[in-house]
Every structure is written in C-alpha cells, then in structure tokens.
Amino acid sequence: IMAMTAPVHAADTIKIGVPGAHSGDLVSYGMPSLNAARIVADEYNAKGGILGKQIEIVAEDDQCKPELGTNAATKVLSEGAVAVMGSICSGATKAALPIYNDAKIVSISPSATTPELTQKGDHPYFFRTIASDDVSGHLAGSFAKDKLGLKKVALLHDKGDYGRGFVNYAREMLEKGGVQIVLEEGITPGAVDYGAVIQKIRKAGADGIIFGGYHPEASKLVQQLAKKKIDIPFIGPDGVKDEQFIKVAEGVYATGPTDVSKLPMNIQAHENHKKKYGTELGAFYDNAYSATVALLEAIKAAGSTDSQKIMEALRTNMVDTPLGKIKFDAKGDAEGIGFSIYEVKDGKFVELK
C-alpha cells in the first residue's frame, strides 16, 4: 500500500534558523526564544503555512558564546535556513553576523541589545525586536539622577560587550547631570566572592550602584551587599530580569521593555505557551515571538524567500505582534518598542509609571 504522505524534501519547507543558548549558564534566556519560534511555526503551519509550504525550525545551540556563535550560524545555513531568528546574546550575535552578511541572509535577534549592531551600518541584514542598550542605559542614568536623586554612583560591569555598554550609556546621562562617578570596576563573571569590590563601594561612599551584566553575577552582588549591610539602590539592565534574581533582590531596580501584557495578541501568545509547554515563559519570549511573526509575515508579503524583498517588507509593513504594532527602521531597529524601569516588589518585577 502506498504511504499516504510523501517524504518531505528540503525544498518543501521554509526553514527558519534559531541559534541561541539552548544549554549552559544562559539557557534561561535561550530556550524561551526557541519555544516561541516553535509555537509560531505551529500556528502558521496549522493554517497551511506560508507560500504553500510548512515552516520548519532549525535549532542550533551556541550557549551564548561568540566562538560557538559562528558554528551555529554556519550550521543553520548549511541546513538550508532562508532566514534566522537569533541569536540571543550580543557577543554570539556579533560573531555570527558576518556569516549571515556573506550569505545575504536576514536575521532578527529578540534580545541582542549592543547598539553598534545597528548603529555602525556594518550589518545590513540584521534586525532586532528589542531596544538597544543606549535606550536602557540612558534610562537607568536619568532614573538614578532624577528619580532617586543619587549624587555619587558606583558603576560595575562584567567586562562583556553588553554589561560595559549599558554602564557607558548610563554614565553619559549621569555626567550630563553632574552626578559624580566614585568607582568604576569590571568584575569577573562566575567569581564566588565579590568582597573586594564591595569593600571599594563602601570606601568610595557610593549612594547607588549601576550594574551592567547578567543575573548570576547580579544575584551574588545583591546578596553580598545585603550581608555587608550596604543598603543603597542597585540598578541593572534587563539582563538581570530572571526568576532566580527576583528571589534575592527585593527593592532592586532593572530596566526592561514596557509592559505589554494587556494586549490581546500578547495574552494569546502566553496562552499558547501554557498549552504547549505548561511552564513559565522566561525571558524575551515576547520579543522572540514577535521576531518570528515579523519574519514570517515579511516572507508572506514578499511572496518569496528573497532577502531583499523580506527586508523591504520588514521596513514598510506594520505587523501586529505580542509587543504591539511594529515595523523596522532603516538601521534595523524596531519602531514602536519602549522601555521602562521596574522594581522588585514582593517577589515580582513591577513597572514604575
């Protein structure tokens, strides 16, 4: 008896590459994006796919490491991806972009925030569904100055592109406002003890800390500051917004994308996740969902997987996403995405109006 379904050949599907941290320390950033891509693909496939083809997600793990970012990029392309949703961290994204540029393949990151990725014009095929660090860094600096009234700030970062960039943009706003920077220090990620730098913070007489980096280091800093009874405001970027961090960080501030949880499409996207995975969404799920929708809608509008046509569609058509209505500017940054300051209150991130 003939099999009812013919085997799927490569050209029978539209492949979307999803490189990201699918294992390792930053898996809590990487998996939500992969989940989002799979959910969006399922939704479109249930309605017949696009251009008469089913969508196939090609996942590759880069652990958020630049040296693995290049491998992951090469792999998704060799498997026939016509566009890419990823990577997650700025370092791995930066490493992968020359490979996508050479191949003339469009990529959209849900979470790579380093400004130069769009500002230098080196990466014409790159887009993102998150505001860049200059936006959040400037916001952190002006919040410290205007709302908290800080006069002597300590700047800490984890020596990475993301952390250092965030702190540099915060500094611009602080210096403009006449706030004194009393300490600036790079800390080593993964260190067990930050006692030495905490001693320096005390000595410098800082009345607040702005930290650039991710949640594992932020959690340790916050816990050790509390132990040493140094009770001053701590402001981080959205890289600290994680369930683990919330448990230890009552009263701490973080920047993050504006709350869009009341939008009908956002509510729907969250219900879809509960149905399929039954777990918490995790970081950047909305951004990844929106990036995948934007890509698929652009391919649909282009009527083809031609990169030039996809880019044209991304820049001209407003698309409904869980982040609101978005399109992209000439540099690849999303228009219509805002940023807010959040505070950890009673074990939740609460948006400050």
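Which residue of strand 3 is the bridge partner of glycine 17? Keep that in mind while you load the model, which is a predicted one.

**Stop 1: the five-stranded sheet**

Select strand 1, residues 13–20, and colour strand 2, residues 54–61, alongside. The two run parallel and are joined by eight bridges. Now click on glycine 17: its bridge partner in strand 2 is valine 58. Then look towards strand 3, where valine 84 is the bridge partner of glycine 17. That settles the opening question. Strand 3 covers residues 83–85, and two bridges pair it with strand 1 in the parallel sense.

Zoom out to take in the whole sheet. Five strands make it up, in the order 2-1-3-4-5, with parallel pairing, and the sheet is open. Strand 2 and strand 5 (126–128) are at the edges; each has a single partner strand, so one side of each lacks a neighbour in the sheet. On average, neighbouring strands here are turned by 25° against each other, ignoring direction.

**Stop 2: helices on that sheet**

Next, show helix 1, residues 27–46, which carries the chain from strand 1 to strand 2 in a right-handed β-α-β crossover. Helix 1 lies across strand 1, strand 2 and strand 3, and runs at about 170° to strand 2.

Add helix 2, which also lies across strand 1, strand 2 and strand 3. Against strand 2, helix 2 runs at about 155°.

**Stop 3: helix 2 against helix 3**

Keep helix 2 (residues 66–78) on screen and select helix 3 (residues 90–103). Their axes are 7 Å apart, and the packing angle is about 35°. The crossing of helix 2 past helix 3 is right-handed. To see who makes the contact, show side chains on both helices:

- From helix 2, the contact residues are Pro66, Gly69, Thr70, Ala73, Thr74, Val76 and Leu77.
- From helix 3, they are Gly91, Ala92, Ala95, Ala96, Ile99, Tyr100 and Ala103.

What classes of residue make up this contact of helix 2 with helix 3? Ten are nonpolar and four polar, with no charged residues.

**Stop 4: backbone oddities in the loops**

A quick detour for anyone who likes checking torsions. Most residues other than glycine have a negative phi, and most peptide bonds are trans. Here are some exceptions to look up.

Start with the peptide bond between glycine 86 and serine 87: it is cis, with omega about -5°. Serine 87 sits in the loop between strand 3 and helix 3.

Go on to glutamine 63, in the loop between strand 2 and helix 2. Its phi is positive, near 50°. Glutamine 63 has 26% relative accessibility, so it counts as partly exposed.

Then pick lysine 104, in the loop between helix 3 and strand 4 (107–109). Phi is positive for lysine 104 too, near 55°.

**Stop 5: the seven-stranded sheet**

Now move to the other sheet. This one is open as well, with seven strands in the order 7-6-8-9-10-14-15, and its pairing is mixed. Its edge strands are strand 7 (180–186) and strand 15 (348–351), each pairing on one side only. Neighbouring strands are turned by 30° against each other on average, direction ignored.

Bring up helix 6, residues 161–176, which packs on this sheet. It touches strand 6 (152–157), strand 7, strand 8, strand 9 and strand 10 (253–257), and its direction makes about 140° with that of strand 8.

Strand 6 and strand 7 run parallel, joined by six bridges. One pair to label is valine 153 with its bridge partner in strand 7, isoleucine 181. Between these strands the chain passes through helix 6, in a right-handed β-α-β crossover.

Farther along, strand 8 (residues 208–212) and strand 9 (residues 234–236) are parallel, with two bridges between them. Label isoleucine 209 and phenylalanine 234, its bridge partner in strand 9.

**Stop 6: two buried residues**

Select histidine 215, in helix 8 (residues 215–227). Buried or exposed? Histidine 215 has 7% relative accessibility, so it counts as buried. Leaving out residues up to four places away in sequence, it touches Ser28, Tyr29, Gly239, Val240, Asp242, Gln244 and Phe245. Try a distance too: the C-alpha atoms of histidine 215 and lysine 241 are separated by 6.8 Å, though the two are 26 residues apart along the chain.

Finish at serine 290, in helix 11 (residues 285–302). Its relative accessibility is 0%, so serine 290 counts as buried. Beyond its neighbours within four places in sequence, serine 290 is in contact with Thr129, Thr321, Pro322 and Leu323.

Methods. Residues numbered from 1 in each chain as written. Predicted model: local features only at pLDDT ≥ 70, side-chain atom pairs only at ≥ 80, totals over all residues. Heavy atoms only, no water. Pairing = 2+ DSSP bridges. Helix = DSSP H or I, 4+ residues; strand = E, 2+ residues; numbered from the N terminus. Axes fitted to C-alpha atoms, helices over the stretch in contact; angles between N-to-C directions. Contact = heavy atoms within 4.5 Å. Buried < 20%, exposed > 50% of the residue type's maximum accessible area, 1.4 Å probe, protein only. Right-handed = clockwise from strand over helix to strand, strands pointing away. Left-handed = near helix turned anticlockwise from the far one by under 90°. Nonpolar A, V, L, I, M, F, W, Y, C, P; charged D, E, K, R; others polar.
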